[in-house]
Amino acid sequence: MKSDHHHNGLPNRLASGAAGGLAGAMALHGLRMASKRVFPETVPPMTSNPDDYLVMNVERRLPKSIAYAIPTIVDIIAAKLLALGYGAVSGALCSVLPKRGSTLLRGACLGLFTWAVGYVGWLPRAGLMPPLKKQRPAQIAGPIVRHIMFGMITIGVSNLLQRKSCD
């Protein structure tokens, strides 16, 4: 029988957290798409897609000969992978924190933190959306709820995978 230390070691926790974050990011994407159709009033007023914005910013820093040589499909794929990358990284980072509180509480905290980093932090600063004080309550509440669900799914899947690896 292998020890718990082997199963719950850092590489396993990071991998489980990253997988949980991927699951959470995919769920968040689905929730965003459904919200656009069912609850359009909860969609924040984005001026541009953040993932596309980041890819374009990177390309602007490249020499023109390289930037022009990158096929459009590569830009599209890179932008789509960024969203999954955010989820994987946040799940992996969260997996190394001490486990205090319930899965739901930890998930809600992760979701609120990731929402705040984007929606209070870099998105308004980059000009991709107006500050919260210029948004309607539903445009603020919708992303908060969706990010809390992202966090709960991320932590729940991560915990499940860590338990499975110990069986």
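Let me start with A88, which is buried at 16% relative accessibility. The cut-off for buried is under 20%, so A88 qualifies. A88 sits in helix α5. Setting aside residues up to four places away in sequence, A88 touches G17, A18, G21 and L22. Those residues belong to an earlier part of the chain, and I will come back to that region with L31. One distance for A88: its C-alpha lies 26 Å from the C-alpha of P71, with the two positions 17 residues apart in sequence numbering.

I should say now that this is a predicted model, and every value I quote is computed from it.

Now the chain as a whole. The protein chain has seven helices and zero strands. Reading along the sequence, the pattern is α-α-α-α-α-α-α. The C-alpha trace spans about 55 × 45 × 25 Å along its principal axes. Of the 167 residues, 34% are buried. If we take contacts with a separation of 6 or more, 86% of them are between residues 24 or more positions apart. The accessible surface is about 10,100 Å², and carbon and sulfur atoms account for 70% of that. On charge, there are 19 positive and 7 negative charges, and their mean positions are 7 Å apart.

Back to helix α5, which runs over residues 72-95. Besides A88, I want to show S90, also placed in this helix. Is S90 buried or exposed? S90 is buried, with a relative accessible area of 12%. Leaving out neighbours within four places in sequence, S90 is in contact with L110, T114 and F150.

Next, L31, in helix α2, residues 10-38. L31 has 23% relative accessibility and therefore counts as partly exposed. Beyond its neighbours up to four places away in sequence, L31 touches R146 and M149. The C-alpha atoms of L31 and W122 are 22 Å apart, and the two residues are 91 positions apart along the chain.

That leads to helix α6, residues 103-125. R106 is in this helix, and R106 is buried, with a relative accessible area of 14%. Not counting neighbours within four places in sequence, the contacts of R106 are K99, R100, G101, I155 and N159.

Further along α6 there is an aromatic pair. A search of the whole structure finds two such pairs. For W115 and Y119, the ring centres are 6.2 Å apart and the planes meet at 15°, so this pair is stacked. Why are W115 and Y119 about one helical turn apart? Because they are four residues apart in helix α6. W115 counts as buried at 10% relative accessibility, and Y119 is buried too, with a relative accessible area of 7%.

Y119 has a long contact list. Apart from residues up to four places away in sequence, Y119 touches R32, P44, M46, P124, M129, L132, P143 and H147.

Both aromatic residues of that pair belong to the largest nonpolar core. Which residues make up this core? There are seven: Y53, W115, Y119, L123, L128, M129 and I140. Helix α6 gives the largest share, three residues. Apart from this core lies another, of five residues, including L28, C94, F150 and I155. Two names there have come up already: F150 is a contact of S90, and I155 is a contact of R106. As background, nonpolar side chains tend to be buried together in soluble globular proteins.

Last residue: P130. P130 is in the loop between α6 and α7, the latter being residues 137-166. P130 is partly exposed, with a relative accessible area of 23%. Its contacts, leaving out residues up to four places away in sequence, are P45, P124 and Q135. P130 and Y119 are eleven residues apart in sequence, and their C-alpha atoms are 9.2 Å apart. P124 appears in both contact lists, that of P130 and that of Y119.

To recap the main points: A88 and S90 are both placed in α5, the stacked pair is W115 and Y119, and the largest nonpolar core has seven residues, with three from α6. That is what I have.

Conventions:
Residues numbered from 1 in each chain as written. Predicted model: local features only at pLDDT ≥ 70, side-chain atom pairs only at ≥ 80, totals over all residues. Heavy atoms only, no water. Helix = DSSP H or I, 4+ residues; strand = E, 2+ residues; numbered from the N terminus. Buried < 20%, exposed > 50% of the residue type's maximum accessible area, 1.4 Å probe, protein only. Contact = heavy atoms within 4.5 Å. Areas by Shrake-Rupley, 256 points an atom, 1.4 Å probe, with all protein chains shown as cover. Lys, Arg positive; Asp, Glu negative; His and termini not counted. Charge placed at Lys NZ, Arg CZ, Asp CG, Glu CD. Phe/Tyr/Trp six-rings, centres within 6.5 Å; stacked < 30°, edge-to-face > 60°. Core = buried A, V, L, I, M, F, W, Y, C linked by side-chain atoms within 4.5 Å.
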